[in-house]
Amino acid sequence: MQTLTIIGGGLAGCEAAYQAAQGGAKVRLFEMRPKVSTKIHQTDDLAELVCSNSLKSNALDKASGLLKWEMRRLDSLIIAAADASSVRFGVIHKNIFLNSPSVLRPTFQSQIRDDLFFAGQLTGVEGYVESAAAGLMAGINAARVLAGEDARVFPRETVLGSLAHYITCADAKHFQPMNSNWALLPPLEARESGKKWKKEEKPPLYVERGQRALEGFVTA
Ligand SMILES: Cc1cc2nc3c(=O)[nH]c(=O)nc-3n(C[C@H](O)[C@H](O)[C@H](O)COP(=O)(O)OP(=O)(O)OC[C@H]3O[C@@H](n4cnc5c(N)ncnc54)[C@H](O)[C@@H]3O)c2cc1C
C-alpha cells in the first residue's frame, strides 16, 4: 500500500493524519520539533496550541459553532481533544500563507499534483479550529486519492466547504487569511414574499441548511 506523508504535526497535520488513517491510508507524520523549534512553538508536543486561548464558542449562532458541529459529525480528533479540555477566548495572529487561489483546489490538492495536499494556516484559513478543519478535509481526501477514488469538494452550504471555497476562489491579488464567518456562506434563498431576512433570523437558517448539506454529503 502507498504511504501518505504529512509534513508538520500541528493542528492541521494531526487532524489530516488521523482522518487519512481512519480512511484506510498508511500515514507517516513528520514533525521537526524538538529538533528544530520556533519562537512560537515552545513544546515538543504534537498539535500544540501556541497560547492559552480559545477555540471559540460551540453556540450555533456563530459560523465557528457550526464549523465545530460539522467537525464533530466527521469525528474530528482536534475537536474531541478540545472537548476533553478547556481553553479560553483569544485573538488571531498574522501568519505566512500560500496564495491559495492560484495554487490550490477546493479539495486541498495542489493545482499541479493530485497527490500533493496542503492544510492549516498555510492555506489561508485562520484560527485553531479552521486550521484543524482544513486538515480534516485534506486528510479525508488524501486517503481517498491513495485508495484510487476522487477527492471530494465539501458542500458550499457547510462552513467546511465555505472555507475551502474562500481560499481557492477569492481574488488572488488581494487574498488574505480568513476565519469562519457567516459571510463566507452562500446567501439564503429569498422568502416567497420577497421580504428580506433580518440579521437575527439568519443564523438558525444557515445552521439548518449546513447540517442538512453535511448529512447529504456524508450519506451520499
Ligand atoms: C501567539 C499566537 C496566538 C494565537 N492564538 C490563537 C487563538 O487564541 N485562537 C485561534 O483560533 N488561533 C490562534 N492562533 C492561530 C493558530 O495558532 C493557528 O491558526 C494554528 O495553530 C495553525 O495550525 P496549523 O496546524 O496550520 O499550524 P501550526 O500549529 O503552526 O503547526 C505547524 C507544525 O508544523 C511543524 N513544521 C513546520 N515546518 C516543518 C517542517 N519543515 N518539517 C516538519 N515539521 C514542520 C511545526 O513545528 C508545527 O508543529 C494564534 C497564533 C499565534 C502565533
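What percentage of the 220 residues of the chain count as buried? The figure is 38%. Keep in mind as you look around that this is a predicted model. The secondary structure comes to 7 helices and 2 strands, and from the N terminus on the elements run β-α-β-α-α-α-α-α-α. The radius of gyration of the chain is 17 Å, close to the 17 Å that the globule rule gives for 220 residues, so the chain is as compact as a globular protein of that length.

**Overall layout**

- Taken along the principal axes, the C-alpha atoms of the chain fill a box of roughly 60 × 40 × 35 Å.
- If you take the contacts between residues at least 6 apart in sequence, 67% of them join residues at least 24 apart.

**The two strands and the helix between them**

- Let's start at the N terminus: strand E1 (3-7), helix H1 (11-22) and strand E2 (residues 26-30) make a right-handed β-α-β unit.
- E1 and E2 run parallel and are joined by 5 bridges.
- To find one of these pairings, look for Thr-3, whose bridge partner in E2 is Lys-26.

**Helix H1**

- H1 has 12 residues, which at 1.5 Å a residue should span 16 Å; its end C-alpha atoms are 17 Å apart, which agrees.
- Of those 12 residues, 10 are buried, so H1 is largely enclosed by the rest of the structure.
- The buried residues include Leu-11, Cys-14, Glu-15, Tyr-18 and Gln-19.
- What do the buried residues of H1 pack against? They pack against E1, E2, H3 and H5.
- Just after H1 you can find Gly-24, which takes a positive phi of about 100°.

**The largest nonpolar core**

- This core has 50 residues, and those with the most contacts inside it are Phe-108, Ala-132, Ala-133, Ala-134, Met-137, Ala-142 and Leu-163.
- Strand E1 and helix H1 each give two or more residues to the core, as do helix H2 (63-73), helix H3 (77-83), helix H5 (128-146) and helix H6 (159-169).
- Which element provides the largest share of the core? That is H5, with 12 residues.
- For a look at the surroundings of one core residue, pick Ala-134: not counting residues up to four places away in sequence, Ala-134 touches Ala-12, Phe-108, Ala-119, Gly-120, Thr-123, Val-125 and Leu-163.

**Helix H5**

- With 19 residues at 1.5 Å a residue, H5 should span 27 Å, and its end C-alpha atoms are 27 Å apart, which agrees.
- H5 is largely enclosed by the rest of the structure, because 17 of its 19 residues are buried.
- Just after H5 comes Gly-148, which takes a positive phi of about 85°.

**A closer look at Trp-69**

- Trp-69 sits in helix H2.
- Is Trp-69 buried or partly exposed? Trp-69 has 18 C-beta neighbours inside 10 Å, and a residue needs 20 or more to be buried, so Trp-69 counts as partly exposed.
- Leaving aside neighbours within four places in sequence, Trp-69 is in contact with Leu-60 and Gln-211.
- Trp-69 and Val-159 are 90 residues apart in sequence, and their C-alpha atoms are 9.6 Å apart in space.

Conventions: Residues numbered from 1 in each chain as written. Predicted model: local features only at pLDDT ≥ 70, side-chain atom pairs only at ≥ 80, totals over all residues. Helix = DSSP H or I, 4+ residues; strand = E, 2+ residues; numbered from the N terminus. Rg over C-alpha atoms; globule rule 2.2 N^0.38 Å. Contact = placed C-beta atoms within 7 Å. Core = buried A, V, L, I, M, F, W, Y, C linked by C-beta atoms within 7 Å. Pairing = 2+ DSSP bridges. Right-handed = clockwise from strand over helix to strand, strands pointing away. Expected span 1.5 Å × (residues − 1).
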